[in-house]
Amino acid sequence: MSLRSVYPNESLFDVLRPLGGLLVLGGLVLGLAACDGGTVAGPDGAEDSAPVSMAFSDGTVSTVAPSSGTVSTSKAASGQRTLIDPDGNELRLDRVEMVVREIELDRANGDENCSPEDRPDEEEDDCAEVESGPVLVSLPLDGDAPAVVVDTTLPTGRWDEVEFEVHKPEAESSTPDFLEATDFPLEASIRVQGRYTPAGGAAQDFTYTSDLNAEREIEFEPPLEVTADNTNNVTFSVNVDAWFRRADSTLVNPARVTEEGTFEDRVEENIESSIEGFEDDDRDGRDDEEEDEEEEDEEDENEIEIEKALENVGPDSDASGEVEFEKEVDKTEFKVAVEDLTTGTYDIVVADTSRGELDVTGDEGEAEVEFRRPSEEGHPLLDFDPRGQRVEVQQGGTSYLEADVPTTGNENEEDEEEEDEEEVEIEIDLNNTGPDSDATGEVEFEKETDKAAFTVEVEDLTMGTYEVVVADTARGELDVRGDVVEAEIEFRRPSEEGHPPLDFDPRGQRVAVQRDGTPYLEGTLPTTADQDE
């Protein structure tokens, strides 16, 4: 069972503050710290076993014996914890106790620190484990941060698994040493005391006990390697907020969770699911791997790359260029690059403000300027944000290249998709209307990202001068001459020498080739290539 199944209501889940997939509010964190030195548990848990100490948030320390156990203490948890579900039911937790029978770490196969040559007096199986426990743990119920840490010292070597086990005391009659001076029941592994108040009802005190046996294991891939120079920590988190919940996240009255009762299986499944383990070298109660993933996600969110082609707006028809904006966690760059631009000095204008100059030299007509933040020698400081702004390459106040920079990388991708959609090619044959039965003709409209062309072509038309009329407006002339009796006119945007400017949109309009008001060829140009097809 996952915590998502315990908390299907997302808003409630958010209220309970999930941390790295775990809810550690009011929970216990048991950290197994691996470092150089220490001893290894023998088969009888004698004095060569690994010592364990429990360090509490107030600085007090209680000694916990290894697996054979002689003396231990249990610290009563401070504070109370109150939970309220969406229906108004209230659960107050006054005391939560758990018997941790064993914490065991296993060496990796072939660990050189556990070979017979290294430990001639011990059996191989004895060398392969470090054990601690049992111990009675009283879970902290106040504060937002994990308050209890159990440390065990590991010898140097490679470790591939750690196991955490909750189990009732193994005693038939006499009280085990670690439960001396406590009233914890021998037949239980968990005890919870508190008060439940149903919505609109009377408060009811309760004591819940369970003999649940639960294990949690972590496998290290690759194995955890302990040297004299590095330490490793493994944390087990126990979330008490999830225990007494139905599948819809509403609270269960612990007094009704009786043996073989309605909610017994549900609560025990919740408890077992609430015990989680993970590597936690910074000992903050959160999974290091998940923290790394979150940091990577944050870095990815902070990393932006935007590229945009500059549009040629006319004065130099061969010129082209692009702008590029890159933002990383610790630096930002904005580059303007041009090529095939006439030699000279040009202003880089961003949002109507001049930010720098491009000095175009050489036969290739290339130049670029890269603004940077933080500032670097040889690069102007990027002390403005070009995103969402119009960028122009100007000379003498005349714009040669320009573009609107997107605000996000996604927006840039959308712009590229839109640009692809804007690439259009439409062709139609013109209909012969009668005055010259041999005449034929066609029109073609082509649009790309940075240019557009509209061509009218005729042949076998009687020699003479004809008007090209688009939407009842004369746009140019066809001069039919010679034996071939062919002619064409091509309008272009941006304008180019020898071609009239394409300062109108012929799509969806009637196009006619006429003389003295009489059409010889005509047709309606579709608005899209699909219509053409």
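This note comments on a predicted model of one protein chain, point by point.

1. Overall composition. The protein chain has 533 residues, and 45% of them count as buried. Seven helices and 31 strands are found in it. Among the contacts with a separation of 6 or more, 63% link residues that are 24 or more positions apart. The chain exposes about 26600 Å², of which carbon and sulfur atoms supply 38%.

2. The largest nonpolar core. In soluble globular proteins, nonpolar side chains tend to be buried together. Here the largest nonpolar core holds 31 residues, and Leu93, Val192 and Trp243 touch the most other members. Five strands and a helix are worth locating in the view: strand S5 (90-107), strand S7 (135-138), strand S9 (157-166), strand S10 (190-197), strand S11 (204-210) and helix H4 (264-274) each give two or more residues to this core. Strand S5 provides the largest share, six residues.

3. The surroundings of Val192. Which residues does Val192 touch, not counting residues up to four places away in sequence? They are Leu93, Arg95, Val96, Phe206, Thr207, Tyr208, Trp243 and Phe244. Two of these names, Leu93 and Trp243, also appear with Val192 among the residues that touch the most other members of the core.

4. A second core. A separate core of 28 residues is also present, and it includes Tyr466, Leu478, Phe504 and Leu525.

5. The eight-stranded sheet. Eight strands form an open sheet with antiparallel pairing, in the order S19-S18-S21-S22-S15-S16-S17-S20. At its edges lie strand S19 (353-360) and strand S20 (367-373), each of which pairs on one side only. On average, neighbouring strands of this sheet are turned by 20° against each other, direction ignored. Within the sheet, strand S18 (residues 344-350) and strand S21 (residues 390-395) run antiparallel and are joined by four bridges. At one position of this pairing, Asp347 stands opposite Gln394 in S21.

6. Thr342, in a loop beside this sheet's strands in sequence. Thr342 lies in the loop between strand S17 (332-339) and S18. Is Thr342 buried or exposed? Thr342 is partly exposed because its relative accessible area is 47%, which falls between the limits of 20% for buried and 50% for exposed. Leaving aside neighbours within four places in sequence, Thr342 is in contact with Asp316 and Val360. With Asp316 there is a polar contact between the two side chains, at 2.7 Å. Thr342 and Thr361 are 19 residues apart in sequence, while their C-alpha atoms are 8.1 Å apart in space.

7. The four-stranded sheet. Another open sheet has the order S23-S25-S26-S29, again with antiparallel pairing. Its edge strands, S23 and strand S29 (486-493), each pair on one side only. The twist from one strand to the next averages 10°.

8. The two faces of S23. Strand S23 (residues 424-429) has a covered face formed by Val424, Ile426 and Ile428, whereas Glu425, Glu427 and Asp429 make up the uncovered face. Six bridges join S23 to strand S25 (residues 440-447), and the two run antiparallel. On the covered face, Ile428 stands opposite Val443 in S25. On the uncovered face, Glu425 has Glu446 of S25 as its bridge partner.

9. Backbone features to check. Most residues other than glycine have a negative phi, and most peptide bonds are trans. Where does the model depart from this pattern? The peptide bond from Arg373 to Pro374 is cis, with omega near 5°, and Pro374 lies in the loop between S20 and S21. A cis peptide bond also joins Arg493 and Pro494, where omega is about 0°. Pro494 is in the loop between S29 and strand S30 (510-515).

10. Positive phi values. Ala351 is not a glycine, yet its phi is positive, near 55°. Ala351 is placed in the loop between S18 and S19, and it counts as partly exposed because its relative accessibility is 36%. Ala471 likewise has a positive phi, about 55°. This residue lies in the loop between strand S27 (464-470) and strand S28 (473-480). With a relative accessibility of 33%, Ala471 also counts as partly exposed.

Notes. Residues are numbered from 1 along each chain as its sequence is written. This is a predicted model: local features need pLDDT of at least 70, side-chain atom pairs count only at pLDDT 80 or more; totals for chains, interfaces and linings use all residues. Side-chain values use heavy atoms; hydrogens and water are left out. Buried means under 20% relative accessible area, exposed over 50%, partly exposed in between (1.4 Å probe, protein chains only). Contact means heavy atoms within 4.5 Å. Accessible areas come from the Shrake-Rupley method with a 1.4 Å probe; for residues, only the protein chains shown count as cover. Two strands pair if DSSP finds at least two bridges between them. Axes are lines fitted to C-alpha atoms, for helices over the stretch in contact, and angles run from 0 to 180 degrees between N-to-C directions. A nonpolar core is a set of buried Ala, Val, Leu, Ile, Met, Phe, Trp, Tyr and Cys residues joined through side-chain atoms within 4.5 Å. A polar contact is a pair of N or O atoms within 3.5 Å; within protein, one must be able to donate a hydrogen and the other to accept it, and residues adjacent in sequence count only if both atoms are side-chain atoms.
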